[in-house]
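I opened the notebook to record what I looked up in this structure. The entries follow the order in which I checked things.

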Amino acid sequence: MVLKSKNKVQVERAFEFKGRMLTLTVLNVIENDLAAIDQQLGEKIAQAPEFFRNSSIVIDANVFDSIDLKQIANIVRDHHMVPVGIIGGNLNQEQLAADIGLGVFPKIKAVSSDKSDIKTKNNNESEAGLTNNSDEKQQTAESTQEQLVPAVEITKSPTMLIKQPVRSGQQIYAKGGDLVVMSSVGAGAEVLADGHIHIYGSLRGRALAGVQGDTQARIFCNNLDAELISIAGQYKISDDIPADAKNGLVQIYLDNEQMKIQEL
Amino acid sequence: MAKIIVITSGKGGVGKTTTSAAISTGLAKRGYKTVVIDFDVGLRNLDLIMGCERRVVYDFVNVIKEEANLNQALIKDKRVDNLYILPASQTRDKDALDIEGVQRVIDDLAKDFAYIICDSPAGIEKGAMMAMYFADEAIVVTNPEVSSVRDSDRVLGILASKTKRAEDNQDPVKESLLLTRYSPERVEQGEMLSVDDVKEILAIPLLGVIPESQSVLQASNSGQPVILDEESDAGKAYEDAVGRLLGDEIPHRFLEVEKKGFFGRLFGG
């Protein structure tokens, strides 16, 4: 029974919005052949049915103007996955997506400027972000996860500058650029950037660079005592960081998908 | 204009109430009209430490709810002139505090007092938020051990983002560190974080270091703020801290085992 509140009950705050980085699987249509998509999707899922069951799918509408979003969404549903939105569509497609109850994800702006063609495909497994427990799944399932490829636009990425210490419980995300922290990042704090992360004090919390998948991103810090370091979804936790790498100026980068920690 | 100082820590049991009692008593002793407010509604302790538990008639919540006026609730300290205590309610919980009510009480007090000391409850929930919301300065009480330091770090983050000063884009709350229960012997044996370790992690100015001392417990049990025990190391250290709070340059004491030797033997540390 619902209580009718005559004497107005004051709920201080019923909800809050939070920005979170999540891993999403993007369905990237290469051939606009619905039957083939249906069949091949079935085969792919048969390899790792648990991984795909009820997973959220974003449909990349970039390739074909004539792509039949509604049919593709139905195919995805038939395979027990949940289409949640489209990315890279034109205005018509965005309208259509809204009509059939799909969300619209904004296009990803350029992070690195070395690609001038509109779209390069690769089937590398890379993440559009990072969640703690999806990584194991990631490795077991040969997935269709696709790097969200930068658009053509070359903009100067803004660098975020933090002058104060980043305290336990705080989270700072430099979207679309680098992050410079002039002080320390405390245990229990988290700093994220689409580009590099520079920390002039100690890193005792978590630092995640290249969270949109930029494998060229690096982390620089003075005293590495981190709970977790991550570049483009690859990560190491504290226990995996060699003790001898912890003092002084270090950089962390990816070399052939291997995370390297190097003194400077 | 009254200066509002919150005594906070995040972690419980580190000495917030002891510090609130000592700092407010120290300020009053130096002639500043001071009130200390217990924000720990439901777990009232400040009145015990201040030795006025038998004189509580009305409390902070009564004033917020307009069931009593300030003059009825304020308890005048018997030992030190210029010192008043606004006790918490023991029979209510933190939900009895609301921001408008707290603001009204603090505004009223600010007309009359030079210093308003807010004794925060542990945690980062409503009571603690209310205690720090209107603060101009914060004294972060920390023990030299990792969990206390981390909680203090968390509280410093909240002070920088969730206080009235932060929300109004004014100058930030002035933060300072008070390290309590410090034992140079145990630091030397590597059982405790050193002053420098804690300063390095928290990166805020050091207001004082209060040595671990029997006299703190004795003072608490007898309802006498430890700062009034002028013979004890802890009392002296609090006296120094009050001086620094008022802008005096006073060198830190009780940091070294050797230095402490003489005093330690004399007064039993």
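**Entry 1: a salt bridge between chains**

I started with one charged pair: the side chains of R150(B) and E227(A) form a salt bridge, with an N to O distance of 3.5 Å. The model is a predicted one, and side-chain atom pairs count only at pLDDT 80 or more. I then placed the two ends of the pair, which crosses between chains. R150(B) sits in helix α7 of chain B, and E227(A) lies in the loop between β11 (219-222) and β12 of chain A. I also ran the search over the whole structure, and it returned 23 salt bridges over all chains.

**Entry 2: the interface of chain B and chain A**

How many salt bridges are there between chain B and chain A? I counted 3. Under the polar contact rule I found 5 residue pairs across this interface, both residues of each at pLDDT 80 or more.

I next asked which elements of chain B give two or more residues to the side that touches chain A. They are α7 (146-161) and α10 (195-202) of chain B. Helix α7(B) provides the largest share, 5 residues. Sorting the residues on this side of chain B by type, I got 5 nonpolar, 1 polar and 6 charged.

For the contact as a whole, I noted 12 residues from chain B and 12 residues from chain A. The two chains bury about 890 Å² between them, and 39% of that is on carbon and sulfur atoms. I looked for the residues that supply most on the chain B side: R150(B), D153(B) and R154(B) give 47% of the area that chain B buries against chain A, more than any other three residues.

**Entry 3: the sheet of 4 strands in chain A**

I moved on to the sheets of chain A. One is an open sheet of 4 strands in the order β1-β2-β3-β4, with parallel pairing. Why is one side of β1 and of β4 left without a neighbour in the sheet? β1 (25-28) and β4 (103-105) of chain A stand at the edges and each has a single partner strand, so one side of each has no neighbour there. I recorded an average turn of 40 degrees between neighbouring strands of this sheet, direction ignored.

I checked one pairing in detail. β1(A) runs parallel to strand β2 (residues 56-60) of chain A, and 4 bridges join them. In that pairing N28(A) is opposite D60(A) of β2(A).

**Entry 4: the sheet of 6 strands in chain A**

I found another open sheet, of 6 strands, in the order β5-β7-β9-β11-β14-β15 (chain A), and its pairing is mixed. Its edge strands are β5 (160-162) and β15 (258-263) of chain A, each paired on one side only. Here the average turn between neighbouring strands is 15 degrees, direction ignored.

Within this sheet I looked at strand β7 (residues 179-181) and strand β9 (residues 197-199) of chain A, which run parallel and are joined by 3 bridges. V181(A) is opposite I199(A) in β9(A).

**Entry 5: the pairings of β10(A)**

What are the bridge partners of A209(A), I asked last. Strand β8 (residues 190-193) and strand β10 (residues 206-209) of chain A pair in the parallel sense over 4 bridges, and A209(A) in β10(A) is the bridge partner of A193(A). β10(A) is also joined by 4 bridges to strand β12 (residues 228-231) of chain A, again parallel. There A209(A) stands opposite I231(A) in β12(A).

Methods. Residues are numbered from 1 along each chain as its sequence is written. Chains are lettered from A and ligands numbered from 1 in the order in which they are written. This is a predicted model: local features need pLDDT of at least 70, side-chain atom pairs count only at pLDDT 80 or more; totals for chains, interfaces and linings use all residues. Side-chain values use heavy atoms; hydrogens and water are left out. Two strands pair if DSSP finds at least two bridges between them. Axes are lines fitted to C-alpha atoms, for helices over the stretch in contact, and angles run from 0 to 180 degrees between N-to-C directions. Contact means heavy atoms within 4.5 Å. Buried area is the accessible area (1.4 Å probe) that two parts lose on being put together, summed over both. A salt bridge is a side-chain nitrogen of Lys or Arg within 4 Å of a carboxyl oxygen of Asp or Glu. A polar contact is a pair of N or O atoms within 3.5 Å; within protein, one must be able to donate a hydrogen and the other to accept it, and residues adjacent in sequence count only if both atoms are side-chain atoms. Ala, Val, Leu, Ile, Met, Phe, Trp, Tyr, Cys and Pro count as nonpolar, Asp, Glu, Lys and Arg as charged, and the others, Gly among them, as polar.
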